[in-house]
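This report walks through selected local features of one model. The sequence and structure come first, and the notes follow.

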Amino acid sequence: MSDVVHPGHAAEAHHHEELGFIRKYIFSVDHKVIGIQYTITSLVFLLFGFTLIMLLRWQLAYPGQPISWLGQLLGETRMPGGVMLPEFYNQLGAMHGTIMVFLGIVPLAVGGFGNYVMPLQIGAPDMAFPKLNAASYWVYFIGGIVMLYSFFVPGGAAQSGWTSYPPLADIAPTGQTWWLIGMVFLITSSLLGSMNFIVTIVQLRAKGLSFFRLPFFVWAQFVTSFLLLLAFPPLEAAAVFQLMDRVAGTSFFLPSGLVVSGTPLQISGGGNPLLWQHLFWFLAHPEVYVLILPALGIVAEVIANNTRKPLWGYRTMIYSIIFLGVMSFIVWAHHMFMTGMGTTMSTFFQTTTMIISIPSVIILTALLLSLWGASIRYNVPMLFALGFLPMFAIGGLTGLPLGLTTSDIHLHDTWYVIGHFHYVVAPGTIFALFAGIYYWYPKVTGRQMNPTLGKIHFFFSFIFMNGVFFPMLFQGMAGLSRRLYDQTIYEHGKAVQGLSVYTSWSAWLLAIAQLPFIFNFFYSIWKGRKVDSDNPWQSTTLEWSAPTPPPHGNFPTPPEVYRGPYEYSVPDKPKDYSPQFEREG
Amino acid sequence: MQESKYEWLPLPPDFSTHGYQVDQLIIIIHWVMIAMFVAWGIFFVYCMVKFRQREGHKAEYQPIKAKLAKAAEIGVIVVEAVLLVFLSMPAWAKYKEVPQTADALRVRIIGEQFAWNMHYPGRDGIFGATNAKFINNQGNSVGLDPADPNGKDDIVSLNEFHFPVNKTIIVDLSSKDVIHSFTINVLRVKQDAVPGMKIPIWFQATQTGIFDISCAQLCGLGHYRMKGTAYIDTPQDYEKWFSEREAELQGASQ
């Protein structure tokens, strides 16, 4: 793709026999190809998940108003006469959440960026278990296909929310069974990947690359992998339990004496619906940090590079994410304050929740302090990284009233919750992922993405993201429950209906704001400005010492590391960056 | 509907004895949030302008000491601890501790897809025995045991929840089928109704009026229309409504 001349290239060609197209690009075991596969697949899923919610937002803005062409496209079981059915509305909501979290952001942040960048940053030739790595991608791919297929089974896709609370999920149509099977694949994929990441980071670091010389991004992936490894097995068990409830007549989550629509359910009974919630949130709270830690990693890399100075409190930040990781296992029940929890349990969980907010405050403060005394370059990755900071701040701060039981009474299960976690994940994590794409694109392709299109993408995304999510906080404060198909049947819903229209239009405009990115992403592969060196951002970390794009095996000679990851603007040096891989920086 | 006292936050009005504690905490937290966001924001914008890359400007290798930031972090910890220990915990303890008073009205509320059944014990103050096997669509929506004399005067109301103002109301919440969440915004009441569990909640209204009851937990395709109505009556109006229901009951059984 690039004709940048690098001394390593010629030698490299002799090491490896030429592989056929299929082995090289489809069933490859090269971490970079797998990383690109993950990236492309998850970007497609992100777009798909976004499309689902754009459909749903029509119903929220204009309840019951038909769109006839869409009705013809989607059929009588979804939008008869162009009017969305509540069943289909619930499918859109449940599948939006599932796809964004499990098929979009986690695979992009961990499978995509983690796979491509992490081995390069530690100077490894590949992941520790390349075939396991390929297996993890293909298991993820199958999980995605199962999820997509579930839209076409009788009764449609899963419709009990991405949280799939029983008994509702136990008695839901067939799509829920497919959802559970899909989840088993996705969880398995994450487990395979996380083991591989941990072993790779522990075993394959370059000579001289001690743990406290690792780039922050690698640390973030390291902690994330532990979260995936330890938190996913309970959900895998829970998913199998629910599957058994649905297909084998067990009652893990079904108490005795259920009566649905006036008819007693013929079940064995004796189960407990709250058991699912405990198992689910025992995964899903650490999962929140799986969504955010790699994003923090990317932002830290981009900020260090573009402030041209070392990160403020590198070690403090590492200790903070380790602490976050540990604490994330003992806060899960703050999602369950309204399930009838007494004062003892809730005291424990609201206290741990307040404690976990502290490291997040420290990390954000450290990133802000890194700006002091900097020489900030405003390129596209930096704009997204800077945009991330206030958005993540709003996301984090709005978590406070939800984490305290008393204020949660009013805000629980309202739009405030939706606004809160979307601020963390959408303008938060997704901005960081965009920063990462613009930042590492030249390493992957040998070309830069167009900066003008990138800036247009950033500014409009920033405006419309806030247009989408800020009104939700207001609606939630007004007491509007989430997941309502038509809020206008309530007085307080009617009062804030105008904000729903505003939000929907912001969402549709946000979609248009992604067009420059999509165009830029493909156009620049062939037409982007070629980079004139392997290190176009004048960065310090190891991935920039590899040839562009890096060949199979990455480095012509095993790299050696001489210093910490962010030695920028070291006094009395001829240039303002001292790479880890240069003996004389 | 009455306007909220706190116009800068779009909270609904509060007509309960405990709700002010919820609102107070929400408002204080939002002041804290705004203070932190503004402080961070000023620093952020200042840095972005002052430390932009330009001719003759170089980045400094040394980090700043940031004594102020460390003090601010300790400040955040203290503020959070105060909110937790002095505001959230006592209010929650009060919300969760159902008062043991003989003067309270006790009602059972049973959620189902997609309605609320209000079950009053009748004049005798004793609930009739119930069992899921007696539930039918022919007038026995809560499964009253026909053999139990205590149940004869029990009143069951669909979606209409009448109760007197200025009186402690204790609700035993449960569900027939899936998880629902019983919500009355103006009373700052929210509680999941979980099948297989009976969860008590209590509140006391301070003002009469007619308000929406909604469901906050996704419970199926009719989740959005699982709407009930709370009638906060004067004691006289409540008595009138209650007597009318009793008369209906007697009319039906004759």
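The model is predicted. We start with a loop in chain A. A:Pro167 lies in the loop between α6 (130-149) and α7 (175-203) of chain A. The peptide bond leading into A:Pro167 from A:Pro166 is cis, with omega near 0°.

Chain B has a cis bond as well. The bond from B:Gln113 to B:Phe114 is cis, again with omega near 0°. B:Phe114 sits in the loop between β1 (105-112) and β2 (115-120) of chain B.

**Backbone exceptions**

Most residues other than glycine have a negative phi, and most peptide bonds are trans. The table gathers residues and bonds that depart from this pattern.

| Site | Location | Value |
|---|---|---|
| A:Pro166 to A:Pro167 | A:Pro167 in the α6-α7 loop of chain A | cis, omega near 0° |
| B:Gln113 to B:Phe114 | B:Phe114 in the β1-β2 loop of chain B | cis, omega near 0° |
| B:Asn159 | loop between β3 (155-158) and β4 (160-164) of chain B | positive phi, about 65° |
| B:Arg188 | loop between β6 (180-184) and β7 (189-193) of chain B | positive phi, near 55° |

Is B:Arg188 buried or exposed? B:Arg188 counts as buried because its relative accessibility is 1%, and the cut-off is under 20%.

**Helix α15 of chain A**

Helix α15 of chain A spans residues 415-445 and has a kink of about 40°, centred on A:His422. The helix is mostly covered, with 29 of its 31 residues buried. A:Gly446 follows α15(A) and has a positive phi, near 80°.

Helix α5 (residues 86-121) of chain A packs against α15(A). The angle is about 35°, and the axes are 11 Å apart. The crossing of α5(A) and α15(A) is left-handed. By class, this contact has twelve nonpolar, five polar and one charged residues.

Which residues of α5(A) and α15(A) meet? From α5(A) come A:His96, A:Ile105, A:Leu108, A:Ala109, A:Phe113, A:Tyr116, A:Val117 and A:Gln121. On the α15(A) side, the contact includes A:Val425, A:Thr429, A:Ile430, A:Leu433, A:Gly436, A:Ile437 and A:Trp440. A:His422 is also one of the α15(A) residues that meet α5(A), and the kink is centred on A:His422.

**Where the chains meet**

How many residues does each chain give to the contact? Chain A supplies 93 residues and chain B supplies 83 residues. Together the chains bury about 7,700 Å², with 69% of it on carbon and sulfur atoms. In chain A, A:Trp372, A:Thr406 and A:Ile409 lose the most area to chain B. Together they account for 9% of what that side buries.

B:Phe44 gives a close view of this contact between chains. B:Phe44 is found in helix α1 (residues 19-50) of chain B. B:Phe44 touches A:Leu368, A:Leu371, A:Leu386, A:Leu389 and A:Pro390. B:Phe44 counts as buried because its relative accessible area is 10%, under the 20% limit. B:Phe44 and B:Thr101 are 57 residues apart in sequence, and their C-alpha atoms are 55 Å apart in space.

**A buried asparagine**

A:Asn535 lies in the segment after α19 (515-527) of chain A. A:Asn535 touches A:Trp544, A:Tyr577 and A:Phe581, leaving aside residues up to four places away in sequence. A:Asn535 has a relative accessible area of 11%, so A:Asn535 is buried.

Terms used
Residues are numbered from 1 along each chain as its sequence is written. Chains are lettered from A and ligands numbered from 1 in the order in which they are written. This is a predicted model: local features need pLDDT of at least 70, side-chain atom pairs count only at pLDDT 80 or more; totals for chains, interfaces and linings use all residues. Side-chain values use heavy atoms; hydrogens and water are left out. The bend at a residue is the angle between axes fitted to the seven residues ending there and the seven starting there. Helices (H or I, at least four residues) and strands (E, at least two) are DSSP runs, numbered from the N terminus. Buried means under 20% relative accessible area, exposed over 50%, partly exposed in between (1.4 Å probe, protein chains only). Axes are lines fitted to C-alpha atoms, for helices over the stretch in contact, and angles run from 0 to 180 degrees between N-to-C directions. A crossing is left-handed if the near helix is turned anticlockwise from the far one by less than a right angle, and right-handed if clockwise. Contact means heavy atoms within 4.5 Å. Ala, Val, Leu, Ile, Met, Phe, Trp, Tyr, Cys and Pro count as nonpolar, Asp, Glu, Lys and Arg as charged, and the others, Gly among them, as polar. Buried area is the accessible area (1.4 Å probe) that two parts lose on being put together, summed over both.
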